[in-house]
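Trainee: Please take a close look at one part of this structure, the salt bridge and what lies around it. A single connected account would suit me best.

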Amino acid sequence: MKKFLLAATALAGLAAPAWAQDAVTLQLKWVTQAQFAGYYVALEQGFYEAEGLDVTILPGGPDIAPAQVLAGGGADVIVDWMPSALAAREAGVPLVNIPLPVRA
């Protein structure tokens, strides 16, 4: 009986309607260059889409402060240098640092 219920639950999950992808805006710290290649490769290769994300990447520049873009609602996720992010957090911007895993 357990196996039947498990199989029925799995099939019901497969028959469920497709969900819309979550829109995510990523604000980079600087202009498009090699250090951000991974974000663009992931976008082009469909890695974000495979995880249910509709990602828009915004390039940065000398007049772009990622934490301010985030605080103003212009981005959901930012790439920033730690000293800048810590200063923004101390100023009241609700930033959370998410470290990227390192694989050997």
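**The salt bridge and its surroundings**

Mentor: Asp80 and Lys29 form a salt bridge, with 3.2 Å between their closest N and O atoms. The model is predicted, and the count of salt bridges in it comes to one. Asp80 sits in the loop between S3 and H5, and Lys29 in the loop between S1 and H2, so the pair ties together parts that lie 51 residues apart in sequence. Lys29 is buried, since its relative accessible area is 13% and the cut-off for buried is under 20%.

Start with the Asp80 side. Apart from neighbours within four places in sequence, Asp80 is in contact with Lys29, Pro66, Ala67 and Ala85. For Pro66, 14 residues away along the chain, the C-alpha to C-alpha separation from Asp80 is 6.5 Å. Ala67 belongs to helix H4, which covers residues 66-71. Ala67 is buried, at 7% relative accessible area. Beyond four places in sequence, Ala67 touches Asp80, and also Ile78, Ala88, Val93 and Leu95. Another residue to place beside Ala67 is Arg89: 22 residues separate the two in sequence, and their C-alpha atoms are 8.6 Å apart.

Several of these names return in the nonpolar cores. The largest core has nine residues: Val24, Leu26, Leu28, Phe36, Ala42, Tyr48, Val55, Ile57 and Val79. Strands S1 (22-27) and S2 (53-58) each supply at least two of the residues in this core. A second core, separate from that one, has eight residues, and Ala75, Ala85, Ala88 and Val93 are among them. Ala85 is thus a contact of Asp80 and a member of the second core. Ala88 and Val93, both touched by Ala67, are members of the second core too. As a general point, nonpolar side chains in soluble globular proteins tend to be buried together.

Now to the strands. Val24, from the largest core, touches Leu53, Asp54, Val55, Thr56, Asp76 and Val77, leaving out residues up to four places away in sequence. Leu58 is placed in strand S2. With 27% relative accessibility, Leu58 counts as partly exposed. The contacts of Leu58 beyond four places in sequence are Thr25, Leu26, Gln27, Leu28 and Gly74. Of these, Leu28 is 30 residues from Leu58 in sequence, with 6.1 Å between the two C-alpha atoms.

The largest pocket draws on many of the elements already named. About 850 Å³ of space lies within this pocket. Its lining has 26 residues, and those nearest the centre are Tyr39, Val77, Ile78, Val79 and Ile98. S1, helix H2 (37-44), S2, strand S3 (77-78) and helix H5 (82-90) each give two or more residues to the lining. H5 gives the most, with four residues. By class, 20 of the lining residues are nonpolar, three are polar and three are charged. Val79 therefore appears in two lists, being in the largest core and among the lining residues nearest the pocket centre. The last step is to set the salt bridge in the whole chain. The protein chain has five helices and three strands, in the order α-β-α-α-β-α-β-α from the N terminus. Buried residues account for 23% of its 104 residues. Among contacts in the chain with a separation of 6 or more, 66% are between residues 24 or more positions apart. The Asp80 and Lys29 pair, at 51 residues apart in sequence, links the loop between S3 and H5 to the loop between S1 and H2.

Note on methods: Residues are numbered from 1 along each chain as its sequence is written. This is a predicted model: local features need pLDDT of at least 70, side-chain atom pairs count only at pLDDT 80 or more; totals for chains, interfaces and linings use all residues. Side-chain values use heavy atoms; hydrogens and water are left out. A nonpolar core is a set of buried Ala, Val, Leu, Ile, Met, Phe, Trp, Tyr and Cys residues joined through side-chain atoms within 4.5 Å. Buried means under 20% relative accessible area, exposed over 50%, partly exposed in between (1.4 Å probe, protein chains only). Contact means heavy atoms within 4.5 Å. On a 1 Å grid over the protein atoms alone, a cavity is a set of points where a 1.4 Å probe fits but cannot get out, and a pocket is an open set with protein on both sides within 12 Å along at least five of seven lines; lining residues have an atom within 4 Å of a point. Grid points are joined across faces, edges and corners, and a volume is the space filled by probe spheres set on the points. Ala, Val, Leu, Ile, Met, Phe, Trp, Tyr, Cys and Pro count as nonpolar, Asp, Glu, Lys and Arg as charged, and the others, Gly among them, as polar. A salt bridge is a side-chain nitrogen of Lys or Arg within 4 Å of a carboxyl oxygen of Asp or Glu.
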